[in-house]
Amino acid sequence: MTADVVSAATPTPPSAPKHAWLSWLFVLFLIYVLLAAVGAIGDGFKMASGDNAKALFDFASNPIIALIIGIVTTALIQSSSTVTSVIVGLVAGGLPIHIAIPMIMGANIGTSLTSTLVSLGHIRHGEEFRRAFSAATIHDSFNLLAVALLLPIELLFKPLAKTSEWLAQHLVSDANMSMSDVNFMKVIMAPAMDSLKWLVSAFPKLWAGVILIVVGVALILLVVSLISKILRRLMVGRAKKIMHTAVGHGPVSGMASGTVLTMLVQSSSTTTSLIVPLAGTGVFSLKQIYPFTLGCNIGTTITALLAATAITGDNAVFALQIALVHLFFNIFGILLIYVLPILRPVPIYMAETLAMLAQRSKMYVVAYIGGVFFVVPLAVLGITQSL
C-alpha cells in the first residue's frame with residue numbers, strides 16, 4: 001500500500017537514454033566549459049579592476065552583508081553549485097577570502113528553499129503536509145543554526161580560513177613543488193581560455209573584463225543546469241533505490257547516501273526535493289531524513305572544488321581555499337551540531353515547530369518563505385547600508 005502511495009506521489013523519472021555513453025561524454029564537455037567559465041570570471045575581474053580588485057568589494061566588507069548576498073542570490077538562482085562556482089571565480093579575481101566565507105555560508109541557507117517549495121505540493125493534505133514541510137525545513141533549520149554558530153566563531157578565531165589555507169597550500173602543486181613550469185590544468189584549459197579572450201580582444205580592457213565576467217556567469221548558469229538535468233535523467237532512478245536501501249539504516253548510512261547521491265546528480269536541491277515526498281507519505285521519519293540532508297550539504301561542495309581546479313597562477317591557492325571552506329563549513333557544522341547531543345535535536349525541534357504552525361495556517365508558510373529568504377535579509381541589508 002505504501003509503495004503505491006509513493007509511486008503516485010513521486011513522478012517516474014525519464015529512463016536513461018539508449019546511448020548513455022554519449023550523455024556521459026557531453027557531461028565531460030560541460031565540465032570543461034564550467035572550468036573555462038570559472039577561469040573567465042577570474043580573468044575578467046583582473047582585467048576590469050587592474051590592481052584595485054579589493055576596492056571593488058568594499059561594499060561587502062561587513063560579513064552580514066556578504067552573508068545576505070549569498071542567501072538572496074542563491075534563493076533567486078536556486079543553485080548553490082552555481083553561486084559557489086561564481087564565488088570561486090571572484091576569489092580568483094581578487095575577492096578577499098574574509099568576504100567570500102560569509103557568502104559561502106549564505107549560499108548554504110539559500111539553497112534550502114527548493115525543498116521547502118516542493119513540500120507545498122502536499123499543502124492540501126494536513127498531516128501529510130506537516131510531515132513534508134518538517135522534512136523540508138530540517139535542511140533550512142540546520143543551515144540557519146550552523147551559520148548562527150559558526151559565523152561568530154569564524155569572525156573571532158578563523159578556523160575555516162586557517163584550516164582551508166593550510167590544506168590549499170599543500171594541495172596546489174605550484175605552491176610547494178618545483179613544477180611551476182608544468183601545470184597540466186593550464187595546458188588543458190588554454191584553448192578555451194584563449195578563445196574567450198580572443199572574443200573580447202576588440203574591446204577596451206575594462207569592457208573586455210566586464211564581458212568576460214558576464215559570459216562566465218551565464219555559462220556557469222547554463223552548464224550547471226544542463227549537468228544537473230542530464231545526471232538527473234541518468235541517475236535519479238538509481239538514486240531512489242539507494243535512498244530506500246540506505247536512508248533508514250542509521251545516521252552514518254544516511255549521511256553517506258546523501259553525500260553520494262548529491263555528488264551523482266550535482267544538485268543538493270534535487271536530492272533534498274526527492275526525499276520530501278517520501279517523508280510526506282510516511283516512508284521516512286524526520287529523524288531518518290535529518291542525517292541524509294547533512295550528507296547533501298557535503299555532496300554539493302564537489303562543484304566548487306571542481307571549479308577551483310580551473311584556476312592557475314598566483315590566486316590558485318585562494319580559489320582552492322574558498323572551495324575547501326565550503327566543504328569544511330559543512331563538516332564542522334555536522335561535528336558541532338549533530339555530534340553534540342545537546343545541539344542535535346535543535347533543528348528537529350525548529351522544523352517540527354515550523355511544520356505545526358504551517359499546518360495551522362498557510363500564512364505562516366508565506367511569512368516563513370518570504371521572511372527568511374527575502375524580506376528579512378533585504379531589510380537587514382538596507383539597514384546596514386544606511387548606518
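A residue counts as buried when its relative accessible area is under 20%. In this predicted model, phenylalanine 328 has a relative accessible area of 12% and is therefore buried. Phenylalanine 332, at 22%, is partly exposed. These two residues are four apart in helix H16, so about one helical turn separates them. Their ring centres lie 5.9 Å apart with the planes at 10°, and the pair is therefore stacked.

Helix H16, which spans residues 316-338, also packs against helix H8, residues 159-171. The axes of the two helices are 8 Å apart and meet at an angle of about 130°, so H8 and H16 are oblique to each other. Their crossing is right-handed. On the H16 side, the contact is made by Val317, Leu320, Gln321, Leu324, Val325, Phe328, Phe329 and Phe332; the stacked pair just described thus belongs to this contact. H8 contributes Pro159, Leu160, Ala161, Thr163, Ser164, Glu165, Leu167, Ala168, Gln169 and Leu171. By residue class, the contact of H8 with H16 comprises 13 nonpolar, four polar and one charged residue.

Turning to aromatic pairs, a search of the whole structure finds seven. One of them joins tyrosine 290 and tyrosine 338 in an edge-to-face arrangement, with 5.0 Å from centre to centre and 75° between the planes. This pair links distant parts of the chain: tyrosine 290 sits in helix H14 (residues 286-299) and tyrosine 338 in helix H16, 48 residues apart. Both tyrosine 290 and tyrosine 338 are buried. Elsewhere, Phe129, Phe133, Tyr368 and Phe373 are linked by ring pairs into a cluster.

Conventions:
Residues are numbered from 1 along each chain as its sequence is written. This is a predicted model: local features need pLDDT of at least 70, side-chain atom pairs count only at pLDDT 80 or more; totals for chains, interfaces and linings use all residues. Side-chain values use heavy atoms; hydrogens and water are left out. Axes are lines fitted to C-alpha atoms, for helices over the stretch in contact, and angles run from 0 to 180 degrees between N-to-C directions. Angles under 35 degrees count as roughly parallel, over 145 as roughly antiparallel, 65 to 115 as roughly perpendicular and the rest as oblique. A crossing is left-handed if the near helix is turned anticlockwise from the far one by less than a right angle, and right-handed if clockwise. Contact means heavy atoms within 4.5 Å. Ala, Val, Leu, Ile, Met, Phe, Trp, Tyr, Cys and Pro count as nonpolar, Asp, Glu, Lys and Arg as charged, and the others, Gly among them, as polar. Rings of Phe, Tyr and Trp (its six-membered ring) pair if their centres lie within 6.5 Å; planes under 30 degrees apart count as stacked, over 60 as edge-to-face and the rest as tilted. Buried means under 20% relative accessible area, exposed over 50%, partly exposed in between (1.4 Å probe, protein chains only).
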